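Notebook open, new model loaded. I want the overall fold down first, then the charged pairs.

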Amino acid sequence: MYNFTQEELIKFHNKISDNVKKVRKEKGYTQLDLSLELGMKNSSFISHAENHKIETHHYSIEHLYKMSVIFKVELSAFY
């Protein structure tokens, strides 16, 4: 069985967050714009997910799928 380290998982989540942020900005979306498109009431989740210091907020596979549709990119763009 593979032993995933906390450091490895943090690096993975940070990479995803960085790539979502990069695509979001390239597509001209603010954190609030994206939040509203995802059906959220404010931008706090997106803000927390993009902040590497907050390790408790991560995008789910559903979030990533929806963002790939919204941004018209392949899901792999976030990895």
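These are my entries, going from the whole chain to single side chains.

**Entry 1: what I am looking at.** I note up front that this is a predicted model. I looked up the secondary structure and found 4 helices and 0 strands. Along the sequence I read the pattern as α-α-α-α. The radius of gyration is 13 Å against the 12 Å from the globule rule for 79 residues, so I put the protein down as being as compact as a globular protein of that length. For the outline, I have the C-alpha atoms filling a box of roughly 40 × 25 × 20 Å along the principal axes.

**Entry 2: inside and outside.** I checked burial next: 28% of the 79 residues count as buried. The exposed area comes to about 5600 Å², with carbon and sulfur atoms supplying 54% of it. I also pulled the contacts between residues at least 6 apart in sequence, and 53% of these join residues at least 24 apart.

**Entry 3: charges.** I get 11 positive and 10 negative side chains, with the centres of the two sets 4 Å apart. How many salt bridges does the structure hold? My list has 3, and I went through each.

**Entry 4: lysine 22 and glutamate 26.** Here I have a salt bridge with N to O at 3.9 Å, which squeaks in under the cut-off, as that asks for within 4 Å. Both residues sit in helix 1, which runs over residues 6–26, and they are 4 residues apart, about one turn of the helix. Buried or exposed, this glutamate 26 and lysine 22? I have both down as exposed.

**Entry 5: arginine 24 and glutamate 50.** The closest N and O atoms of this salt bridge are 2.8 Å apart. Which parts of the chain does the pair link? Arginine 24 belongs to helix 1 and glutamate 50 to helix 3 (residues 44–50), so I log a link between distant parts of the chain, 26 residues apart. I checked accessibility too, and both arginine 24 and glutamate 50 are buried.

**Entry 6: glutamate 62 and lysine 66.** This salt bridge comes out at 3.0 Å, N to O. The two residues are about one helical turn from each other because they lie 4 residues apart in helix 4 (residues 61–71). I make glutamate 62 partly exposed, at 48% relative accessibility. Lysine 66 is partly exposed as well, with a relative accessible area of 32%.

**Entry 7: to keep in mind.** The bridge to come back to is arginine 24 with glutamate 50, as it ties helix 1 to helix 3 through two buried residues.

Note on methods:
Residues numbered from 1 in each chain as written. Predicted model: local features only at pLDDT ≥ 70, side-chain atom pairs only at ≥ 80, totals over all residues. Heavy atoms only, no water. Rg over C-alpha atoms; globule rule 2.2 N^0.38 Å. Buried < 20%, exposed > 50% of the residue type's maximum accessible area, 1.4 Å probe, protein only. Contact = heavy atoms within 4.5 Å. Areas by Shrake-Rupley, 256 points an atom, 1.4 Å probe, with all protein chains shown as cover. Lys, Arg positive; Asp, Glu negative; His and termini not counted. Charge placed at Lys NZ, Arg CZ, Asp CG, Glu CD. Salt bridge = Lys/Arg side-chain N within 4 Å of Asp/Glu carboxyl O.
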